[in-house]
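Biologist: I should like to understand how the terms used for a protein model are justified. May I put my questions to you one at a time?

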Amino acid sequence: MSENKYALCFPGQGSQTVGMGKEIYEAFHAAKDVFDEADDTLNFHLKDLIFNGDEKELTLTENSQPAIMTVSIAALRVLVNEMGANINPVCCAGHSLGEYTALAASEVLNFRDAVQLVHKRGLFMQEAVPEGKGAMAAMLGLDDDGVKKLCKDLAPNGEIQPANFNSPGQVVISGLSEFIDKAIENAKTYGAKKGVKLNVSAPFHSVYMKPAAEKLKSEFEKISWNTAKFDIIANVSAKPVKNPDEIRDCLYRQTFSPVLWSQSVAYMADTLEINNYFEIGAGEVLSGLIKRCKKGMNLFSGATPEKLEIIREELEKC
C-alpha cells in the first residue's frame, strides 16, 4: 500500500437527507453556484426540496439522484475552488448513481449535462416497472455464491438477481416483488442471517431496467463526452475505464446489471494499492462499505464545512 495514493468516491441513492449541503451553500460561493446551476438546468427548485422539502418527495428517484449528485459536486467545487485542494486521485468510483457523479468529477461530462442525465435516469427507472411490481432486498450474512444460488433456485427464469455486491455478507437482490418476498422467507434456509426488504420503488439493476437503459442510450447521444481526466472504476466490471465509448457502454449495462462495489474496492485496494478513500458528498454509506470490504483503510467523508476542511488537510498529506 502507498500512503499517498487515494481515490475519490461518490455516494449513490439512499444517502439523501433533507438539509444536506445547506451549510456549504450558505458558506461558499462555489457551492451556491452549483445548486443554482442545478435549479436552472432542471427548471425546478431542487435546492428548496433538498434544504426544506418533504423527505418522501426527496426520496423519489427522479429527485434524489440529481440532489445527491448536486451536493457531491458542490462539495468538490468547494474543496478545489475555495479551499485550494489539489485533486489528483489515482481513480474515481461511485456507487450506481455515484458513477455519474464520478464522471462529472473526472470531466467526462459537464455538470449541467450530468445532472440533467441523472434526473432523466431516475424518471426512466421509475417508469420501467409499474409501482408495486418490483422490489429489492438485502441478504445479510450470506456470501456472494450463496446469494447467486438462492436467486437461481427460487427464480430459475431470472425473476430475481443479485443487484448490488456491497460488501462481504451484504448483497442486495432485485426483481419481481413476489419472488423478493419468497427470497426473504427462505433467506435463513440458504444460510443468511436475514433478508430485509428495502424502501425503494423499483427493481434497480435488474433485467427489468432494460427499457430504462434503452432510453438512456438515446440520451447519451445528445450530449458531449470527454476522455476521463482520472480513471473511472466501472460498476459493471470493477475495472478502470477512460474512453467515452467504453464509459457509455458501461453506463448502459450498469442500468440492468449488478453493481460490483466490493469487487471495485478489492481492485482499488489490492491491485492499485490505494489505502486512502475520500467520500465526497452526503453521508458515510460508502465509507462504511469500504470499511467492511477492507480493514485498515483510511476513510474520510462528508459535505459540511468542517468535514471538507478535514478532507482538505488529509489530501495535502497524500
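Biologist: Where is S64 found, and why is S64 called buried?

Modeller: In this predicted model, S64 is found in helix α5. Its relative accessible area is 0%. The term buried applies under 20%, so S64 is buried.

Biologist: Which residues does S64 touch, if those up to four places away in sequence are not counted?

Modeller: S64 touches Q13, Q16, L58, T59 and L97. Contact here requires heavy atoms within 4.5 Å.

Biologist: Which residues of α5 and α6 meet?

Modeller: On the side of α5 they are S64, Q65, I68, M69, S72, I73 and L76, and these meet L97, Y100, T101, A104 and A105 of α6. By class, this contact has 8 nonpolar, 4 polar and no charged residues.

Biologist: What describes the way in which two helices pack?

Modeller: Two packed helices are described by the angle between their axes together with the distance between those axes. For α5 and α6, the axes come within 10 Å and cross at roughly 35 degrees. The crossing of these two helices is right-handed.

Biologist: What makes α5 oblique to α14?

Modeller: Helix α5, residues 61–82, packs against helix α14, residues 305–317, at an angle of about 55 degrees, and their axes are 10 Å apart. Roughly parallel would need an angle under 35 degrees, and roughly perpendicular one of 65 to 115. An angle of about 55 degrees fits neither range, so α5 is oblique to α14.

Biologist: Which residues make the contact of α5 with α14?

Modeller: From α5 they are A75, V78 and L79, and from α14 they are L308, I311 and R312. By class, the residues of this contact divide into 5 nonpolar, no polar and 1 charged. The crossing in which α5 passes α14 is right-handed.

Biologist: Why is α7 called roughly antiparallel to α10?

Modeller: The axes of α7 and α10 come within 8 Å and cross at roughly 155 degrees. Angles over 145 degrees count as roughly antiparallel, and therefore α7 is roughly antiparallel to α10.

Biologist: Which residues of α7 and α10 meet?

Modeller: L117, K120, R121, F124, M125, E127 and A128 of α7 meet P211, A212, K215, L216, E219 and F220 of α10. These residues divide into 8 nonpolar, no polar and 5 charged.

Biologist: R121 belongs to that list. What does the side chain of R121 make with the side chain of S96?

Modeller: The two side chains make a polar contact at 3.2 Å. The limit for such a pair of N or O atoms is 3.5 Å, and the value of 3.2 Å satisfies that limit.

Biologist: Where does S96 lie, and how do you know that S96 counts as buried?

Modeller: S96 lies in the loop between β2 and α6. Its relative accessibility is 11%, and the cut-off for buried is under 20%; therefore S96 counts as buried. Leaving aside neighbours within four places in sequence, S96 is in contact with R121, H205, N235, Q254 and V259.

Biologist: Why is H205, one of those contacts, also called buried?

Modeller: H205 has a relative accessible area of 3%, which is under the 20% cut-off, so H205 is buried. H205 is placed in the loop between β6 and α10. Its phi is near 55 degrees, a positive value in a residue other than glycine.

Biologist: What is the phi of A238, and what makes A238 buried?

Modeller: Phi of A238 is near 60 degrees, again a positive value in a residue other than glycine. A238 is found in the loop between β7 and β8. Its relative accessible area is 4%; the limit is 20%, so A238 is buried.

Biologist: Which residues of helix α11 are buried, and what covers them?

Modeller: The buried residues of α11 are P244, I247, R248, C250, L251, Y252 and Q254. What covers them includes α6, α7, α10 and β8.

Biologist: How do you know that N243 caps the N-terminal end of α11?

Modeller: A side-chain oxygen of N243 lies 2.8 Å from the backbone nitrogen of D245. The limit for a polar contact is 3.5 Å, and the value of 2.8 Å satisfies that limit.

Methods. Residues numbered from 1 in each chain as written. Predicted model: local features only at pLDDT ≥ 70, side-chain atom pairs only at ≥ 80, totals over all residues. Heavy atoms only, no water. Helix = DSSP H or I, 4+ residues; strand = E, 2+ residues; numbered from the N terminus. Buried < 20%, exposed > 50% of the residue type's maximum accessible area, 1.4 Å probe, protein only. Polar contact = N/O pair within 3.5 Å; in protein donor to acceptor, adjacent residues only side chain to side chain. Axes fitted to C-alpha atoms, helices over the stretch in contact; angles between N-to-C directions. Left-handed = near helix turned anticlockwise from the far one by under 90°. Nonpolar A, V, L, I, M, F, W, Y, C, P; charged D, E, K, R; others polar.
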